[in-house]
Every structure is written in structure tokens, then in C-alpha cells.
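Here are some notes for a colleague who is coming to this structure without earlier acquaintance. They are set out as numbered points, to be read beside the sequence and the model.

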Amino acid sequence: RAAVSVPSNIAEGAARNTSKELIYFLGISIGSLAELDTQIDLATRLGLCKAPEEIQALLNETTALTLALSKSIKAKLD
């Protein structure tokens, strides 16, 4: 559910009328990425997750890109 929430919130924020709203929804997406990180950790500890290194690398990249987008939009507002 958290994995689906990330692009869904980005899409919702992008469809809004203001950059401030997009930043808000990017923040929600970043929270969902943190939730997903926890779920991956738990699944790995329980032996339910295959190739956790690959998944973690993708999660880290997605988090970095989402944070960079949010920072870039914030900088344009200042």
C-alpha cells in the first residue's frame, strides 16, 4: 500500500493548482517512502524479502529524487 501511495501522492500534488500543494504532497510521498523502508526491513528480517539490496537501492534513489524535487520547487518559491 505504501509503495502505491508514493506515485499516487505525487500525481495528486502535480494536479493541484499551486507549488505549495505539490510540496505538501511530495512530503506525504517521502513519508510513504519511509514507511516502505520499514516494511522492507521487517520483511527482510522475517525472510520474506528476496534481493533486499536491490530493493533498498531503488528505494534510496527514489527518496533522493523526491527530496531533490521538493527542494528544487521550494528554492523557486523563495
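1. In this predicted model, salt bridges link E12, R16 and E21 in a network. R16 takes part in both of the pairings described here, for its side chain meets that of E12 at 2.7 Å, N to O, and it also forms a salt bridge with E21, where the closest N and O atoms are 3.5 Å apart. Both distances can be read against the cut-off, which asks for a side-chain nitrogen of Lys or Arg within 4 Å of a carboxyl oxygen of Asp or Glu.

2. How exposed are the members of this network? R16 is partly exposed, because its relative accessibility is 35%, and E12 is likewise classed as partly exposed, with a relative accessible area of 35%. E21 has a relative accessibility of 28% and therefore also counts as partly exposed.

3. A search of the whole structure gives 3 salt bridges, and one of them joins R45 to D41, with the closest N and O atoms 3.2 Å apart. These two residues are 4 residues apart in helix 2, which covers residues 19-45, so about one helical turn separates R45 from D41. As for their surroundings, R45 is exposed, with a relative accessible area of 66%, whereas D41 is partly exposed, at 35%.

4. Is S29 buried or exposed? This residue, which has its place in helix 2, counts as buried, because its relative accessibility is 0% and the class takes in values under 20%. Leaving aside residues up to four places away in sequence, S29 touches S5, V6, N9, I10 and T66, and a reader who wishes to examine the setting of this serine may begin with those residues.

5. The structure holds 1 aromatic pair. Y24 and F25 form this pair in an edge-to-face arrangement, their centres being 5.2 Å apart and their planes meeting at 85°. The two partners fall into opposite classes of accessibility, for Y24 counts as exposed at 54% relative accessibility, while F25 is buried, with a relative accessible area of 8%.

6. The backbone at A51 deserves a look, since its phi is near 55°, a positive value in a residue other than glycine. A51 lies in the loop between helix 2 and helix 3, the latter covering residues 52-77. With a relative accessible area of 33%, A51 is partly exposed.

7. Turning to the chain as a whole, the protein has 3 helices and 0 strands, and its elements run α-α-α from the N terminus on. The C-alpha trace spans about 45 × 20 × 15 Å along its principal axes. Among contacts between residues at least 6 apart in sequence, 55% join residues at least 24 apart.

8. Some final values concern surface and charge. Of the 78 residues of the protein chain, 24% count as buried, and the chain exposes about 5400 Å², of which carbon and sulfur atoms supply 60%. The chain carries 8 positive and 9 negative charges, and the mean positions of these two groups are 6 Å apart.

How values were computed:
Residues are numbered from 1 along each chain as its sequence is written. This is a predicted model: local features need pLDDT of at least 70, side-chain atom pairs count only at pLDDT 80 or more; totals for chains, interfaces and linings use all residues. Side-chain values use heavy atoms; hydrogens and water are left out. Buried means under 20% relative accessible area, exposed over 50%, partly exposed in between (1.4 Å probe, protein chains only). Contact means heavy atoms within 4.5 Å. Rings of Phe, Tyr and Trp (its six-membered ring) pair if their centres lie within 6.5 Å; planes under 30 degrees apart count as stacked, over 60 as edge-to-face and the rest as tilted. Accessible areas come from the Shrake-Rupley method with a 1.4 Å probe; for residues, only the protein chains shown count as cover. Lys and Arg count as positive and Asp and Glu as negative; His and the chain ends are not counted. The place of a charge is taken as NZ of Lys, CZ of Arg, CG of Asp or CD of Glu.
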